Amino acid sequence: MSLVRLRTFIEVYRQRSISSASRMLNLTQPAVSQHIAGLEVAVGRPLFERLATGVSPTAAADELALDIGDKLDLAEAALASARARSMDVAGVLQFVGHADFISEVLSEQLLPLLEAGIRVRMHTGDGPFVNNMLIEGHCDLGISAHPVIDSRLKSEKIMTSRALPVASPAVAQRIIDAEYLTLALTTEPMLAYNLELSLIDNWIIKNKLKSERLIPAVVSQDLRAQRKLLIQGFGWSVIPEFLCRDQIEKNELVEIPSPVGTCEVHYYLIWAPSALRQVRVAHARQTLLQGLRYYR
């Protein structure tokens, strides 16, 4: 039962596809099929059922994946980190994440990678876009405020920030002075990250307010754009504290008091386990985790 066959098995298990696994492993489809066939002989039971759209794991495959999946990932990550200490890590690193986080937080952590000869290419998008870019192999590492639920990806929390309801001093004062908070919030324009209103809804629910009539006047996946509009006196929003802390200190924005309390938003560094087989990616992941550790 060679490590190469086990690696192939884990990739097929995660991708549910021979062709997808072959792309991730940079192997031909016949080679992947041979690895699986050889492993099935060693195990003594079939591991996958072939379907028209891919493969479906058997109970034996579920048991084997449970036994070795994370252990193999940890071993390969440790090996890649060891190799990174003695090898040239120069090359291109493809990174994807939220535009505002990349600008305000991640950019401060890139210098060690750039000095090591790594050329960084940054892409921006929302949570589903980040996941798709990593799963399809277009990017090596990503950052998202959405927890990872896809078994083909791994993640580690790198930062937690309070999500604060904020507005310009004038708008915030009108909301604070109003007799009914919910009515005041619906009277003023609202700015949101997306139509799902995830940050705003979490704050609304925690503070036991009603949100049926809340319709965003502006939707932007770069919260820095919202911040500029808020400072100019247009509307209110709920945004992470790291994006408005300086503006609150300068009295450009004011935190709207929460009747019950504020919520938190968590950010995760995300990767496909297969990506860590590249020394450059393993080195970048470890460097970023160490650099961002004080945010956690």
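In this predicted model, Cys-263 has a relative accessible area of 12% and is therefore buried, since buried residues are those under 20%. Cys-263 takes part in no disulfide. Its nearest cysteine sulfur belongs to Cys-244 and lies 14 Å away, whereas a disulfide needs a pair of sulfur atoms within 2.5 Å. The count for the structure comes to 0 disulfides. Another cysteine, Cys-139, has a relative accessibility of 3%, so Cys-139 counts as buried too.

Attention can now turn to the empty space inside the protein. The structure holds 1 cavity of 30 Å³ or more, and the largest cavity has a volume of about 60 Å³. To find this cavity in the model, a helpful place to start is its lining, which includes the stretch Ala-192, Tyr-193 and Asn-194. Leu-197, Ser-198, Leu-199 and Ile-200 also line the cavity, as do Leu-223, Gln-226, Ser-237 and Val-238.

Three elements of secondary structure each supply at least two residues of this lining: α10 (198–206), α11 (223–231) and β9 (236–240). Of the lining, the largest share comes from α10, with 3 residues.

What kinds of residues make up the lining, by the division into nonpolar, polar and charged? The lining of the largest cavity divides into 7 nonpolar and 4 polar residues, with no charged residues. Leu, Ile, Val, Ala and Tyr count as nonpolar, and residues of these kinds in the lining include Leu-197, Ile-200, Val-238, Ala-192 and Tyr-193.

Conventions. Residues numbered from 1 in each chain as written. Predicted model: local features only at pLDDT ≥ 70, side-chain atom pairs only at ≥ 80, totals over all residues. Heavy atoms only, no water. 1 Å grid on protein atoms, 1.4 Å probe; cavity = no way out; pocket = protein on both sides within 12 Å on 5 of 7 lines; lining within 4 Å. Points joined across faces, edges and corners; volume = space filled by probe spheres on them. Helix = DSSP H or I, 4+ residues; strand = E, 2+ residues; numbered from the N terminus. Buried < 20%, exposed > 50% of the residue type's maximum accessible area, 1.4 Å probe, protein only.
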